[in-house]
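Student: I should like to go through this structure step by step. Please explain how each term is justified.

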Amino acid sequence: MNKYHFIFLTWLLPLYFLFQGGYQVLSYFGVQSTYSTGESYVASVTDFDVKQIAAQTNGYVVLNFTTADGEIIEQQLGLPVQFAQVIMDSEVIPIRYSKSSFSPIVMMPIYELQRNVIRVNIGVTFFGFLATLLVSLYASRFALRRIRDGEEMLEIEMMEEYD
């Protein structure tokens, strides 16, 4: 096997961005679906933590509420720092809940911010997909040319110096 066959692994990058973009689109529509068709509840915050590791700050919140059917739901949700700042001092949070949605719980105070963050993520993954797609196309063309034609042989000649 030729070493240039490994260049075709660059196609894993656009596939990764395509997968991430699909996940973000599903999240966006899941959040919108839960917001528009979900049932309204007031959830109590049972645990809240924000951690800062190096330059990253994130955390989680544990919400507890009882549905209309009497089912007790306790769910831990990850929080980027932007979301945590909004709900940091809240003991109860109004939420929307839809069990069948891709994003079953939407916290009402951060709904607009969450939608905006997901939109930015979709844009970033789209540009990442396009960039890695172009890189993969050019890399594949290069690899195919090298596999078909072989490597260029460089000939180095020593030249004498004349005074």
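Student: Is K99 buried or exposed, and what makes it so?

Tutor: Please keep in mind that this is a predicted model. K99 has a relative accessible area of 61%. The cut-off for "exposed" is over 50%, so K99 is called exposed.

Student: Why is the contact of E71 with K99 called a salt bridge?

Tutor: The closest N and O atoms of E71 and K99 are 3.9 Å apart. A salt bridge requires a side-chain nitrogen of Lys or Arg within 4 Å of a carboxyl oxygen of Asp or Glu; 3.9 Å lies within 4 Å, so the name applies. This salt bridge links distant parts of the chain: E71 belongs to the loop between β2 (56-66) and β3 (72-80), K99 to the loop between β4 and β5, and their positions lie 28 residues apart in the numbering.

Student: What is E71 called in terms of accessibility, and why?

Tutor: E71 has 34% relative accessibility. Buried means under 20% and exposed over 50%, so E71, falling in between, counts as partly exposed.

Student: How many salt bridges does the structure hold?

Tutor: It holds 3 salt bridges. Another one joins E112 and R115, with 3.3 Å between the closest N and O atoms. These two residues are 3 residues apart in helix α3 (residues 111-149), and are therefore separated by about one helical turn.

Student: Why are E112 and R115 described by separate accessibility terms?

Tutor: R115 has 13% relative accessibility, and because buried means under 20%, R115 counts as buried. E112 stands at 44%; this value lies between 20% and 50%, so E112 is partly exposed.

Student: What makes R148 and D149 a salt bridge?

Tutor: Their closest N and O atoms are 3.1 Å apart, which is within the 4 Å limit, so the pair qualifies. R148 has 61% relative accessibility and D149 has 52%; the cut-off is over 50%, so both count as exposed.

Student: Why is the pair of Y23 and F102 called edge-to-face?

Tutor: The ring centres are 5.6 Å apart, and rings pair if their centres lie within 6.5 Å, so this is an aromatic pair. The angle between the planes is 70°; because over 60 degrees counts as edge-to-face, that term follows. Y23 lies in helix α1 (residues 12-37), whereas F102 lies in the loop between β4 (92-97) and β5 (105-107), 79 residues apart.

Student: How do you know that the charged end of R96 sits over the ring of Y35?

Tutor: The charged end is 5.4 Å from the ring centre. The distance limit is 6 Å, so that part of the test is met. R96 also stands opposite V106 in β5.

Student: How do you know that β1 pairs with β4?

Tutor: Strand β1 (residues 39-53) is joined to β4 by 6 bridges. Pairing needs at least two bridges, so these strands pair, and they run antiparallel. Y41, for instance, has I95 as its bridge partner in β4.

Student: Is I93 buried or exposed, and why?

Tutor: I93, which lies in strand β4, has 1% relative accessibility. Buried means under 20%, so I93 counts as buried.

Student: What makes F6 exposed?

Tutor: F6 has 53% relative accessibility, and the cut-off is over 50%, so F6 counts as exposed. F6 also belongs to a nonpolar surface patch with L9, L12, L15 and L18, which together have about 540 Å² of accessible area.

How values were computed:
Residues numbered from 1 in each chain as written. Predicted model: local features only at pLDDT ≥ 70, side-chain atom pairs only at ≥ 80, totals over all residues. Heavy atoms only, no water. Phe/Tyr/Trp six-rings, centres within 6.5 Å; stacked < 30°, edge-to-face > 60°. Helix = DSSP H or I, 4+ residues; strand = E, 2+ residues; numbered from the N terminus. Lys NZ or Arg CZ within 6 Å of the ring centre and 35° of its normal. Patch = residues over 30% accessible without salt bridge, like charges linked within 9 Å, V, L, I, M, F, W, Y side chains within 5 Å. Areas by Shrake-Rupley, 256 points an atom, 1.4 Å probe, with all protein chains shown as cover. Buried < 20%, exposed > 50% of the residue type's maximum accessible area, 1.4 Å probe, protein only.
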